[in-house]
Every structure is written in structure tokens, then in C-alpha cells.
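Got the model open in your viewer? Here's a short tour of what to select, stop by stop, and what you'll find there.

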Amino acid sequence: MLSRTADHLYWMARYIERAENLARLLDVTYQMSLVPQSPEAANQNWNAIIVLNSLEEPFAKAYGEPSAENVLRFMVRDESNFSSIYSCLRAARENAHAVRGTLTTEMWETINAAWIDLRAQSFEQIMAGGITEFFEWVKLRSALTRGVTFGTLLQDEAAHFIRMGGLLERADNTARILDVKYHFLQPNGEGEEGGVTDFYQWGALLRSLSAFEVYRKVYRDVITPARVAELLILRMDMPRSLHHCLDKVNHLLGLVGNRQSSETLRRAGLLHSRLHYARIDDVLEAGLHEYLTEFMDDIYDLGNRISQDFLVPA
């Protein structure tokens, strides 16, 4: 496969996954904002999204103070923000268009239709229709794209690069959502039992990652911070966990490996082994924020190495 084709497929998948995970992050922040709290605490929670995406300077220049409306407008529909949902779906469509001949008809029509639908809506129209409904729409379009991709595309190198891009993006965003929300919720905990407000907020976090029902099935008990972290980091059978994503990435790298990718495969294997043999007590004792920060640095490095070994150099 030509490296340019692989590059477009890889980034198409990353942008679609990024739009979905941004919708998940914004949705859980919005749900948590409905819980009674001070205006300062609410704005701090919204500002965490800006900080998490390293967008402090462009946001401050365009909107000034963080608030629910400003952050939502900036992260949902702002065309000048290259990290907004609007920009992600536009970039996904542009990458798909560049390799139109590699995609199936169903894939192209799904991606193109999502972009056309979003382009036709202003931020005011999105808010009037319900912001939660919009986030559900983004998640549904992403799921639909995955479905037609792996239901219609030949399972060759093209499918491998699409899958790899989506999994790397998912792992990075799961770590980011957990890092921000875990530490926002932790000071409000009331021990192992927790209160009604804590249950609502932890439940919102789990639902944002489609993990609430999974948590109930696995643990059959009250929601506790340690178990939430364990589910989203170490559970191999949880589709959005860091362990699951890196296990699949490691496998896919083995399938597409070439003569110059041995170091990349080694590092992916090392990162996967650290997740495979970790225990949540050790992770929490060392510091969850530090663990997740190191993981995100490793994912960034892995993404750069994949670009160098297989894709068009940035």
C-alpha cells in the first residue's frame, strides 16, 4: 500500500474517533454541570476541557472567560478551532475524499452524509435541537462509520491502518477523559459508599465511555473510584480500556510491520505489557495522574513512530 493512502486512511479514522470522544467528554461535562455547584466550580470544569486540549491561547483570544456556552461553541462548531467536532468531521471527510477509490460506497456515503448534515447546522440550531441529542448523533455517526467499514471493507492493510488509527485515538482520549474527570470527582467522594451526587457523577463518567452497564455486570456493587479506574485502564475485555486498545494496536502493528518498524513494535509491546501486568493498587499508589500522563506521552511517541515508519512524514 502507498504510504500516502495509508496516511489518509489512518487520519480519517483518527478524526472520526476524535470527534466521537470529544462529544463524549463534552457530554459528561454537561451532565455534571446539571448537579448543584458553585459557578466557579462549573467554569473550572469547563475550562479543564480547554486545558486538556492545549487550546488556552486560541480560546482566550476568541472568547475570554470559560463558560458552558463559550466552551461548547468553541469545541462543537467553531470553524477556526481545528480541534472542534466540526473541524474533525471536516478533516475526516477530506481524508476520505482523497482515497475515495479505496473506500467502499457505503463508507464514503456515511462519512460524507455526516459532514453534510453538520455543515448545514449553526451552533444555535444545534443548541435548539438539544446539545445532548447532538452528542448522541455524533456518537451514532461514528458507530455507523465503524459498522460499515468493518462490514464492507476488505480486511487487508487498508482496514488495518483504519483500525490502528481509531484505537490509538480511543486510547488517548479515554486516558484524557479519565484523568480530567477522575480528579474533578475525587475530592467530593464520601468514602466507598458515596452519596447520591457522587453516584450520579460517577455514573455520568461511565456512561460517557459506554461503560455503565459493563461496570454493573463486572462488579455488581456500588461505584467506587478505584474500580472505575481499573475498568477503564486494565480490563482487557472492556472495548474502551487502555489495555484493550493497546492489545489490538500491538497485534495490528505485527500485521503491517516492515523492515524499519521493529523499534516501533518493541515500544508498542512494552507499553502493552505494562498494562497487561499492572495492578490498579500499584497504579493508584504511584499516582493516577502521573500514570496517565506518562501513558499519553507514550501514545504520542507511538503515533509519531507509526507516522515515520509507515505514513507520509509530517
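Start by selecting Ile 16, Ala 19, Glu 20, Leu 89, Ala 92, Ile 111, Ala 114, Trp 115, Val 138, Arg 141, Ser 142 and Thr 145: together they line the second largest cavity. Keep in mind as you look around that this is a predicted model. The space these residues enclose comes to about 100 Å³.

Now colour by helix. H1, helix H5 (85-98), helix H6 (105-119) and H8 are the elements that each put two or more residues into this lining. Which of them gives the most? That's H8, with four residues. Colour by residue class instead and you get eight nonpolar, two polar and two charged residues.

Stay on one of the lining residues, Glu 20. Is Glu 20 buried or exposed? With a relative accessibility of 1%, it counts as buried. Show its side chain together with Arg 146: the two form a salt bridge, with 2.9 Å between the closest N and O atoms. Glu 20 sits in helix H1 and Arg 146 in helix H8 (residues 131-152), so this pair ties together parts 126 residues apart in sequence. Arg 146 has a relative accessible area of 24%, which makes it partly exposed.

Arg 146 is also your way into the next stop, the largest cavity. Of the 14 residues lining that cavity, Ala 13, Glu 17, Arg 146, Ile 162 and Gly 166 lie nearest its centre. H1, H8 and H9 are the elements that supply two or more lining residues here. The cavity holds about 140 Å³ of space, and its lining splits into six nonpolar, four polar and four charged residues. Don't go hunting for a third one at this scale: searching the whole structure turns up two cavities of 30 Å³ or more.

Next, pick Glu 17 from that central group and add Arg 170. They meet in a salt bridge, the closest N and O atoms lying 3.1 Å apart. This one also spans a long stretch of chain: Arg 170 belongs to helix H9 (residues 157-185) and Glu 17 to helix H1 (residues 3-33), 153 residues apart. Both partners are tucked away, since Arg 170 is buried at 7% relative accessibility and Glu 17 is buried at 4%.

Time to zoom out a little. Select Glu 17, Glu 20, Arg 24, Arg 146, Arg 170 and Arg 240 in one go, and you have a linked network of salt bridges. Both pairs you've just visited, Glu 20 with Arg 146 and Arg 170 with Glu 17, have their residues in this network.

For the last stop, jump to Arg 73 and Glu 124. Their side chains meet in a salt bridge, 3.0 Å from N to O. Where do the two residues sit? Arg 73 is in helix H4 (residues 68-76) and Glu 124 in helix H7 (residues 123-129), 51 residues apart, so to speak a link between distant parts of the chain. Check the surface here: Arg 73 is partly exposed, at 22% relative accessible area, and Glu 124 is partly exposed too, at 46%.

If you'd like to keep going, turn on every salt bridge in the model: the count comes to 22.

How values were computed. Residues numbered from 1 in each chain as written. Predicted model: local features only at pLDDT ≥ 70, side-chain atom pairs only at ≥ 80, totals over all residues. Heavy atoms only, no water. Salt bridge = Lys/Arg side-chain N within 4 Å of Asp/Glu carboxyl O. Buried < 20%, exposed > 50% of the residue type's maximum accessible area, 1.4 Å probe, protein only. 1 Å grid on protein atoms, 1.4 Å probe; cavity = no way out; pocket = protein on both sides within 12 Å on 5 of 7 lines; lining within 4 Å. Points joined across faces, edges and corners; volume = space filled by probe spheres on them. Nonpolar A, V, L, I, M, F, W, Y, C, P; charged D, E, K, R; others polar.
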